[in-house]
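Here is a short briefing to read beside the sequence and the 3D view. Keep both open as you go through the points.

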Amino acid sequence: MREFLNRLISAKEKRATELRKLIKEASTADEVRSLGDTLQAVLDELNDAKKQLEDLPDDNGEGGDNGDGGEGRSANPIDQGRSANPVSHLGEFRQRAQYGQPNGQSADATDSVEYRQAFMDYVMRGTPIPTELRANTLTTDVPAVIPTTLINRIMERMDEVGTILSLVTRTSYPAGVAVPANVTKPTATWTGKTDSGSGEGKGSTAQKVTSAKITFAYFKLRCEVSISMEVSTMALSAFEDRLTANIANAMVSAIETAIITGTGTGEPKGILAETPNAGQTIEVAKAGALDYATLCKAEAAVPAKYEKDAKWLMSKKTFMSFVGITDANGQPIARMNYGISGKPERFLLGREVVITEDIANYAATVTADTKFAAIFSLPDYVLNTIYDLGIKRKEDWDTEDQRTKAVMSVDGKVVDKGSLVVLVKKSA
């Protein structure tokens with residue numbers, strides 16, 4: 001029985017790998033969804049097989065191999081502890097890329113000083129990663145694998161430099177897998193509640209997902225950084241700091257732009273691409289101007305249940321247009337404080353303002369209807385990221401700089417637009 005299950009697990013893992021590759025190469029959303037459904041089914045079967053293997057008695061009676069570690073257990077001991085639904089290629093890679101320690105308990109293979117130095121040599125000078133180090137990464141289709149420690153630092157850096165990225169919900173679901181839209185907002189019910197009011201003999205209501213499902217695609221975000229030959233002799237720590245900062249700064253800018261204004265075609269769908277619910281679009285007439293009444297209308301349009309997390313989104317120039325406005329008692333409606341960190345904290349009628357240059361500035365006259373500000377609960381935007389393990393390099397023949405390309409797979413969607421209020425300046 002063990003031998004059969006081991007063969008089954010190996011076959012399912014091979015099939016899952018093939019499907020992930022097909023998803024990566026898919027050219028249409030329908031193809032991604034279809035392959036994603038197939039992948040999910042294979043992963044479910046893989047999970048069942050691993051559970052059956054775990055439940056078998058710990059003996060050598062069936063299919064066991066006494067002592068060689070091959071047939072008696074899973075082909076890869078690390079796989080026995082791995083989730084059947086890896087959230088990304090990176091997660092699977094981290095769990096399998098072990099070397100140098102027994103029982104797979106060591107740190108990631110790419111986190112060793114030897115691999116990190118070899119990775120630096122590849123990026124800076126084009127020196128191929130040694131075969132013995134590449135063998136431990138289980139990756140053969142790309143020249144080099146980004147060390148996991150660098151990926152972690154890049155993500156930390158992105159959270160530090162971004163103004164919006166840290167406020168949205170982050171997930172790492174496999175591309176093409178349908179996910180309930182309310183996965184981030186579960187509900188609760190009282191145990192014992194009955195229609196008669198007696199409170200006896202009734203349990204809590206079973207939680208059933210009745211909302212629509214969302215499917216994340218596989219949009220690739222590519223970042224190219226240039227490293228001059230003059231700094232090709234820098235120390236490992238300096239190289240990692242430079243590479244981390246360059247990639248993070250470039251990617252966070254592109255991601256935050258997509259979160260606000262993305263079209264959903266070839267990139268994530270942004271907040272402003274959504275159509276607000278009835279009564280939640282506030283228009284400023286062609287001959288009109290920003291005033292206290294406009295802000296009151298916008299505030300009134302925000303449903304009470306979104307009060308806690310809803311924030312203003314606007315450019316700095318638009319915010320400064322509100323600074324001089326006062327209410328009926330002559331009190332300013334805008335306020336800007338400086339917190340302990342010394343960074344400006346902006347508020348309109350007590351609601352926090354998040355500054356972003358990805359929204360158009362307010363203008364007295366426009367040639368087309370222009371969205372210049374919005375109120376939205378940012379946790380209701382889900383950004384799904386999957387990290388590509390590969391990195392490639394080439395030499396710029398004009399400057400002799402070494403150009404390095406890193407890729408991140410990203411998609412994002414609004415899962416609840418109930419808080420969305422948009423201010424629009426009319427052109428006619």
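The expected span of a helix is 1.5 Å times one less than its number of residues. Helix 4 shows how this works: it has 13 residues, from 113 to 125. From its first C-alpha to its last it reaches 18 Å, close to the 18 Å expected. Bear in mind that this is a predicted model.

**The whole chain**
- The protein chain has 428 residues, and 43% of them count as buried.
- Nine helices and 14 strands are found in the chain.
- Take the contacts between residues at least 6 apart in sequence: 73% of them join residues at least 24 apart.
- The accessible surface comes to about 22200 Å². Carbon and sulfur atoms account for 50% of that surface.

**Helix 4 and what follows**
- Which residues of helix 4 are buried? They are Y115, R116, A118, F119, M120, Y122, V123 and M124.
- G126 comes just after helix 4. This glycine takes a positive phi of about 80 degrees.

**Strand 6 and its partner**
- Strand 6 covers residues 281–284 and has two faces. I282 and V284 make up the covered face. T281 and E283 make up the uncovered face.
- Strand 6 pairs with strand 14, which spans residues 421–425. The pairing is parallel and runs over four bridges.
- Which residue of strand 14 stands opposite I282? It is L423.

**A nonpolar patch on the surface**
- M320, V323, M336 and Y338 form a nonpolar patch on the surface. Together they have about 370 Å² of accessible area.
- Two elements each supply at least two residues of the patch: helix 9 (316–323) and strand 8 (334–338).
- M320 sits in helix 9. Is M320 buried or partly exposed? It has 41% relative accessibility, so it counts as partly exposed. The partly exposed range lies between the buried limit, under 20%, and the exposed limit, over 50%.

**A11 in helix 1**
- Helix 1 runs over residues 2–25 and includes A11.
- A11 has a relative accessible area of 45%, so it too is partly exposed.
- A11 and V42 are 31 residues apart along the chain. Their C-alpha atoms are separated by 10.0 Å.

Key
Residues numbered from 1 in each chain as written. Predicted model: local features only at pLDDT ≥ 70, side-chain atom pairs only at ≥ 80, totals over all residues. Heavy atoms only, no water. Patch = residues over 30% accessible without salt bridge, like charges linked within 9 Å, V, L, I, M, F, W, Y side chains within 5 Å. Areas by Shrake-Rupley, 256 points an atom, 1.4 Å probe, with all protein chains shown as cover. Salt bridge = Lys/Arg side-chain N within 4 Å of Asp/Glu carboxyl O. Buried < 20%, exposed > 50% of the residue type's maximum accessible area, 1.4 Å probe, protein only. Contact = heavy atoms within 4.5 Å. Pairing = 2+ DSSP bridges.
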